[in-house]
Amino acid sequence: MPAAPDIELRQRLKSALWYTVGKIVDEECLQLSANVTPQYIAALTELVYTQAVTLATDIESFAHHAGRKVVSTEDVLMMCRRNDGLKEVLEEFVEDLESKKREQKNASKTLR
């Protein structure tokens, strides 16, 4: 059974997720001139939460299988290996991030 702080943290996460899902649904409803019920938002929030927990568990398993205690970008990329579009977007994001890190490192070296 999870500890009390763990339960509280999960509830806070679900609340934040509910708020975010609700905002996104509201924006879409305005564009589509549609209405949804609070039950719909609750069900969608629960779906997103469950998917996120499953995703996190799988990514941690990939890291553990590789003999690491810390999740790396390779684990995330492994998770999306069956979704070519998502994998491509994430690879570009990682490449851009690494490029920016190199630029910052080089800039700090030239300032010395």
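The legends below describe close-up views of a predicted model.

**Figure 1. The whole chain is built from helices, with 4 helices and 0 strands.** Read from the start of the sequence, the elements follow the order α-α-α-α. The C-alpha atoms occupy a box of roughly 55 × 40 × 35 Å along the principal axes. The radius of gyration is 19 Å, whereas a compact globule of 112 residues would have one near 13 Å. Buried residues make up 13% of the 112 residues. Among contacts with a separation of 6 or more, 28% join residues 24 or more positions apart.

**Figure 2. Helix α1 covers residues 4-32.** The 29 residues of α1 reach 41 Å from the first C-alpha to the last, close to the 42 Å expected at 1.5 Å a residue. Leu17, Val21, Gly22, Val25 and Cys29 are the buried residues of α1. The elements covering these buried residues include α2. After α1 comes Ser33, which has a positive phi, near 50°.

**Figure 3. Helix α2 covers residues 38-65.** The end C-alpha atoms of α2 lie 40 Å apart, which agrees with the 40 Å that its 28 residues should span at 1.5 Å a residue. In α2 the buried residues are Ile41, Thr45, Tyr49, Ile59 and Ala63. They pack against α1 and α3. Gly67 follows α2 and has a positive phi, near 85°.

**Figure 4. The largest nonpolar core has 6 residues.** Its members are Leu17, Val21, Val25, Cys29, Ile41 and Tyr49. Both α1 and α2 give two or more residues to this core. The most come from α1, which gives 4 residues. In soluble globular proteins, nonpolar side chains tend to be buried together. Leu17, one of the core residues, is in contact with Thr45, Val48 and Tyr49, leaving aside neighbours within four places in sequence. Of these contacts of Leu17, Thr45 and Tyr49 are among the buried residues of α2.

**Figure 5. Cys29 and Cys80 are shown in a structure that holds 0 disulfides.** Cys29 has a relative accessible area of 13%, under the 20% cut-off, and therefore counts as buried. Cys29 also belongs to the largest nonpolar core. Cys80 has 7% relative accessibility and is likewise buried, because this value is under 20%.

**Figure 6. Glu46 sits in helix α2.** The relative accessible area of Glu46 is 37%, so this residue is partly exposed, the value falling between the 20% and 50% cut-offs. The C-alpha atom of Glu46 is 12 Å from that of Tyr19, and the two residues are 27 residues apart along the chain.

**Figure 7. Ser72 lies in the loop between α2 and α3.** The helix after this loop, α3, covers residues 73-79. Ser72 counts as buried because its relative accessibility, 18%, is under 20%. Its side chain makes a polar contact with the side chain of Arg68, at 3.2 Å.

Definitions and conventions. Residues are numbered from 1 along each chain as its sequence is written. This is a predicted model: local features need pLDDT of at least 70, side-chain atom pairs count only at pLDDT 80 or more; totals for chains, interfaces and linings use all residues. Side-chain values use heavy atoms; hydrogens and water are left out. Buried means under 20% relative accessible area, exposed over 50%, partly exposed in between (1.4 Å probe, protein chains only). A disulfide is a pair of cysteine sulfur atoms within 2.5 Å. A nonpolar core is a set of buried Ala, Val, Leu, Ile, Met, Phe, Trp, Tyr and Cys residues joined through side-chain atoms within 4.5 Å. Contact means heavy atoms within 4.5 Å. The expected span of a helix is 1.5 Å times one less than its number of residues. A polar contact is a pair of N or O atoms within 3.5 Å; within protein, one must be able to donate a hydrogen and the other to accept it, and residues adjacent in sequence count only if both atoms are side-chain atoms. The radius of gyration is taken over C-alpha atoms; the globule rule is 2.2 Å times the number of residues to the power 0.38.
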